[in-house]
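Let's take a walk through this fold together, sheet by sheet and helix by helix. Please have a look at the chain below before reading on.

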Amino acid sequence: MLSVENVSKTYKIAGNPVQALKDISFTLKRGELIAIMGTSGSGKSTLLHVLAALDEPDTGKITVNGQYSKNMFKEPRATDYRRDMIGFIFQSYNLLKDLTIEENIALPLLLKEQSQATITRKVGEMLYLMGLEDWKHHRPIQLSGGQQQRVAIGRALITQPPLVLADELTGNLDTNTSKDILRVLTGMKNKFNQSMLMVTHDPIVATYADRVLFFHDGEIVNEYSCSGIDDMDAIMHIFQQILTGQSI
Ligand SMILES: Nc1ncnc2c1ncn2[C@@H]1O[C@H](COP(=O)(O)OP(=O)(O)O)[C@@H](O)[C@H]1O
Ligand SMILES: [Mg+2]
C-alpha cells in the first residue's frame, strides 16, 4: 500500500544542517499497523509529516497505492492527497473548541463537499461506532481526554482514508484509556482494511501493531514482528537498549 524508498530529509537550524531522516526504507501493507518507537529527535514526526505531504523530503521515493508522483508535495496536489488519502491523529487532539463533537467529526466531509444527507448519515454512524452519541451536541472541553481522542479518531477516519498516521495519540492518556483507544483504532482499521502508522513511546501501545520499527538519529536501527501483549517485554527491552545507546 505504501512504499518508502531511501527517503532523506535535512533541516537547517541556524545555518547548521540537521539530518532528520537518513535513507529510510520500508513498506506498509494494506490492513497493516506499524508502530514507530525511537529516541526524541530521531525523525519520527518528520517521517509522518513527509508521508502526509506536509513536508518535502530531499531525496527518495514514496509510492502510495502503487502510484508515484513527483508532484505529490506541490500544491494543489498535496492538499488533494491529504484530503483523499490521509487521516492524521495528534497527541493533543487538535479539535476545534467552538464546534460541537458532531461538527468536529463532520469537518472532513464538508471539505469533500458531500451532501447534507450523506454527512448526517456518516457522522451518525461514526458517533455510534465511537460510543459518542450522547455527546454529539457537547463541545470538546466538556469531554475527558480519552473521549476527545475518540472524537479526533472519528474525524480522521470519517472519510475512510487508506492511510492513517498517528503521532503519540495516547501521549496524554492513562494506560486503560490508551488500551481502549487502541481497541477502537484497530477495530476500525480491520473493518475498513486501512493501513496505519503510529508513533508511540509506550510498549503496551506498540503491542497492538503488527510490526515495530525502532528509530535512532534518523535511521531505522531495529525491527520487531509483533503478535500481541506477550511481546511487551521484548519491545521494552529493544527500546531500552536504544534509549541507552547499547545497540548502536
Ligand atoms: N520544521 C523543522 N525545522 C527545523 N528542524 C526540524 C524541524 N522539524 C524537525 N526538526 C529537527 O529534526 C530532527 C527530528 O525531529 P522530529 O522528527 O520532530 O523527531 P521526533 O518526532 O522523533 O522526536 C530534530 O533534530 C529536530 O530538531
Ligand atoms: Mg515527534
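Two strands count as paired if DSSP finds at least two bridges between them. With that in mind, Phe215 stands opposite Ile220 in E10. Please keep in mind that this is a predicted model.

**The six-stranded sheet**

The strands E9 and E10 pair in the antiparallel sense, over six bridges. They form a hairpin with two residues between them, and Asp217 in the turn has a positive phi of about 50°. On its parallel side, E9 (residues 211-216) pairs with strand E3 (residues 33-38) over five bridges. Here Ile36 has Leu213 in E9 as its bridge partner.

These strands belong to an open sheet of six, with the order E6-E7-E8-E3-E9-E10 and mixed pairing. Its edges are strand E6 (86-89) and strand E10 (219-225), each of which pairs on one side only. On average, neighbouring strands of this sheet are turned by 20° against each other, direction ignored. Across E3, E9 and E10 lies helix H8 (residues 232-243), which runs at about 10° to E9.

Just what does Thr207 touch, leaving aside residues up to four places away in sequence? Its contacts are Cys226, Gly228, Ile229, Asp231, Met232 and Ile235. Thr207 sits in the loop between helix H7 (203-206) and E9. Its relative accessibility is 5%, so Thr207 counts as buried, the cut-off being under 20%.

**The four-stranded sheet**

A second topic is the open sheet of four strands, which has the order E2-E1-E4-E5 and antiparallel pairing. Strand E2 (16-28) and strand E5 (67-68) are the edge strands, each pairing on one side only. E5 pairs with strand E4 (residues 59-64) in the antiparallel sense over two bridges. Helix H1 (residues 44-51) packs on this sheet and touches strand E1 (2-13), E2 and E4, its direction making about 65° with that of E2. Where E4 meets E5, Val64 stands opposite Gln67 in E5.

Two asparagines deserve a look here, and the table sets them side by side.

| Residue | Place | Phi | Relative accessible area |
|---|---|---|---|
| Asn6 | strand E1 | near 50° | 42%, partly exposed |
| Asn65 | loop between E4 and E5 | near 50° | 38%, partly exposed |

For Asn6, the phi is a positive value in a residue other than glycine, and that also holds for Asn65.

Further along, the peptide bond from Glu75 to Pro76 is cis, with omega near 0°. Pro76 lies in the loop between E5 and helix H2 (77-85).

**A pair of helices**

Finally, how do helix H5 and helix H6 pack? Helix H5 (residues 145-157) and helix H6 (residues 175-192) have their axes 10 Å apart and pack at an angle of about 15°. H5 is therefore roughly parallel to H6, as angles under 35 degrees count as such. The crossing of H5 and H6 is right-handed.

From H5, the contact uses Gly146, Gln149, Arg150, Ile153 and Leu157. H6 contributes Thr177, Asp180, Ile181, Val184, Leu185 and Met188. Sorted by class, the contact of H5 with H6 has six nonpolar, three polar and two charged residues.

Methods:
Residues are numbered from 1 along each chain as its sequence is written. Chains are lettered from A and ligands numbered from 1 in the order in which they are written. This is a predicted model: local features need pLDDT of at least 70, side-chain atom pairs count only at pLDDT 80 or more; totals for chains, interfaces and linings use all residues. Side-chain values use heavy atoms; hydrogens and water are left out. Contact means heavy atoms within 4.5 Å. Axes are lines fitted to C-alpha atoms, for helices over the stretch in contact, and angles run from 0 to 180 degrees between N-to-C directions. Angles under 35 degrees count as roughly parallel, over 145 as roughly antiparallel, 65 to 115 as roughly perpendicular and the rest as oblique. A crossing is left-handed if the near helix is turned anticlockwise from the far one by less than a right angle, and right-handed if clockwise. Ala, Val, Leu, Ile, Met, Phe, Trp, Tyr, Cys and Pro count as nonpolar, Asp, Glu, Lys and Arg as charged, and the others, Gly among them, as polar. Buried means under 20% relative accessible area, exposed over 50%, partly exposed in between (1.4 Å probe, protein chains only).
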